[in-house]
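Colleague: Could you take me slowly through the place where the ligand sits, and tell me which parts of the protein surround it? I am new to this, so please connect the details as you go.

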Amino acid sequence: MHTTSDTEALKRAAAERAAEWIRDGMTLGLGTGSTVRHLLDVIAEHRAAGQWSGVVGVPTSEDTTQRARRLGIPLATLDERPRIDLTIDGADEVDPELRLIKGLGAALLREKIVAAASRELVIVADDTKVVDRLGTRAPLPVEVDPFGAAVQPDFLRSLGADPVLRVRDGRPVVTDGGNLIYDCRFPAGIADPEALEISLALRAGVVETGLFLGMATAVVIAGSGGVQVREREGAR
Ligand code: 5RP
């Protein structure tokens, strides 16, 4: 286990390493979460030092939009910049094949849309996110349309999940897209992520899942022994 200050230092280290992918003039997808906040700081520091004046960020959440604005990072929407050179984002789990679970920060829908529009997706994480099998550490977030959301738990249970509606301060969490999230625990983890993704994608009312399969081109993992980079074979 790391202490909180260790963890923040590891997130910062991962963000600094991933920032080495950034080149001036890039359209840069900006993920969401506490690790990405370090990345935003790193970008702002480079800009303050006179670098990356031509970098334009495409944020994946209202939270990232506000933070990036406060730091003076130029932003565009995905409609304005539909081709993204590189996205840097966090993750809740990373498996040996660089498959991911994302969405504990509730931004999975926009994160996946931006990732799918990106030439490269670099993930930044501390080593507590590394798992042998997806679904063993984090629940899988499944974003659903609020219309008739009560029909979804039985369906999710039929897939082996134990779904819990995400609630904060006694109220259902509503995503930036106006949807709800069921956090799905799988008692033995997710045996076949690709098959699960297909079953979920075919279900009416399921808007998106936190499974990011075959999307990450590289993963930057920071641990007490240093920063490790894993790249997906054939990704470049
Ligand atoms: C938000 C996400 C985040 O990238 C993920 O939850 C990791 O966040 P953090 O860096 O705070 O651990 O998917 O929807």
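Modeller: In this predicted model, an N or O atom in the side chain of T35 lies 2.5 Å from an oxygen atom of the ligand. The side chain of K129 also takes part, with an N or O atom 2.8 Å from an oxygen atom of the ligand, whereas T32 contributes through its backbone, where an N or O atom is found 2.8 Å from a ligand oxygen atom. On its own the ligand has 380 Å² of accessible area, and the protein covers 91% of this.

If we widen the view from these contacts to the whole shell, there are 17 residues around the ligand, and those that come nearest are S34, T35, D92, G103 and K129. Sorted by chemical character, the shell holds seven polar residues, five nonpolar ones and five charged ones. Two helices deserve attention here, since α2, which spans residues 34-48, and α4, which spans residues 108-116, each supply at least two residues of that shell.

Turning from the ligand to a sheet in the same model, we find three strands that form an open sheet in the order β4-β5-β13, and their pairing is antiparallel. The edges are taken by β4 (93-94) and β13 (211-212), each of which pairs on one side only. Strand β5, made of residues 100-101, is joined to β13 by two bridges, and within this pairing L100 has F212 of β13 as its bridge partner.

Conventions. Residues numbered from 1 in each chain as written. Predicted model: local features only at pLDDT ≥ 70, side-chain atom pairs only at ≥ 80, totals over all residues. Heavy atoms only, no water. Pairing = 2+ DSSP bridges. Helix = DSSP H or I, 4+ residues; strand = E, 2+ residues; numbered from the N terminus. Near = heavy atom within 4 Å. Polar contact = N/O pair within 3.5 Å; in protein donor to acceptor, adjacent residues only side chain to side chain. Areas by Shrake-Rupley, 256 points an atom, 1.4 Å probe, with all protein chains shown as cover. Nonpolar A, V, L, I, M, F, W, Y, C, P; charged D, E, K, R; others polar.
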